[in-house]
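Please look through the structure below before reading my notes, which take up its nonpolar cores and the packing of two of its helices.

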Amino acid sequence: MASPRVSRVHPLQSKIRRVKKVSISEDIAQQILDLISNGILVPGERLPSERELCKNFGAARSSLREALRGLSMIGVLTARVGEGTSVASDGGKFLGKIMEWRLITEKHDIENLMEVRIALEGVAAANMALKGTEADIGRLGDLLAKMKSSMNDKKQFAAYDLEFHVTIAQASGNSLLFDLISMIRNQLFRALEKLLLPHVRPLTYKEHAAIFHAIERRNPEKAREAVYAHLHAALLRHRGTPSKQTRPTALVTPKTRRARRIAPAGLPA
């Protein structure tokens, strides 16, 4: 792995203000986040020495180290012995930690999470229909076949169900989309697994087959619609409502239907 780049020639000290808050380490951490978000510190760039930072912040080394340690734990900074501390090259870990914590600590309603999942996975399926490789589609077909063969095994069926959706997210070509879908699905998995009763599994399989066939035919709009039909049916099953009910207008309206028809294929309308 390449060493972090040496600090660019910019007057970083002129961008730092002396800390005044009671929580000095929190103030330091927030200032560093602001410097990154404003582009003053860039991914891979090494921070100045602890001595220089302490002088600029007007803070003790213990407060500085507490701030740097906290930012390193969530993936904003990377600290290596002999190389100093630098801005992380990949923000994926940071985003993941923040989203995971929010999903864990906030009591999100399952229906709200399902609506978000419908939107995200619809885009992922449309993108896979456009961009997915033949190998991706072949793998999806294999998972569909495994779902069919494990109809009498709830645990195995649920595992293949999960992998089916993860495969679509991975093949969408959008790593951020994949991260968001994975986090939301993991939060829902235990709750929705209870819905895979024996009489429900054939319906679930049929809905997955519709998604697969739309993707296999390279039809992004049909793929998006098939994902909606499947996840909306799962939502109604969660509510204990017959899936033949009318779709909620909050998710699909005439306006959004028109927008879908004119939107570039594979992109959210």
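Leaving aside its neighbours within four places in sequence, which residues is leucine 140 in contact with?

1. This is a predicted model, in which local features need pLDDT of at least 70 and side-chain atom pairs count only at pLDDT 80 or more, while totals for chains, interfaces and linings use all residues. Residues are numbered from 1 along each chain as its sequence is written, and side-chain values use heavy atoms, with hydrogens and water left out.

2. Beyond its neighbours within four places in sequence, leucine 140 is in contact with Met128, Phe164, Thr167, Ile168, Phe212 and Ile215, where contact means heavy atoms within 4.5 Å.

3. Leu140 also belongs to the largest nonpolar core, which has 39 residues; such a core is a set of buried Ala, Val, Leu, Ile, Met, Phe, Trp, Tyr and Cys residues joined through side-chain atoms within 4.5 Å, and buried means under 20% relative accessible area with a 1.4 Å probe, protein chains only. Met128, Leu140, Phe164, Ile168, Ile211 and Ile215 touch the most other members.

4. A second, separate core holds 20 residues, including Ile28, Leu47, Phe57 and Leu77.

5. The helices α8 and α10 (DSSP runs of H or I, at least four residues, numbered from the N terminus) pack at an angle of about 25°, and are therefore roughly parallel to each other, as angles under 35 degrees count as such. Among the residues that meet are Phe164 and Ile168 in α8, and Ile211 and Ile215 in α10.

Methods
Buried means under 20% relative accessible area, exposed over 50%, partly exposed in between (1.4 Å probe, protein chains only). Axes are lines fitted to C-alpha atoms, for helices over the stretch in contact, and angles run from 0 to 180 degrees between N-to-C directions. Helices (H or I, at least four residues) and strands (E, at least two) are DSSP runs, numbered from the N terminus. Angles under 35 degrees count as roughly parallel, over 145 as roughly antiparallel, 65 to 115 as roughly perpendicular and the rest as oblique.
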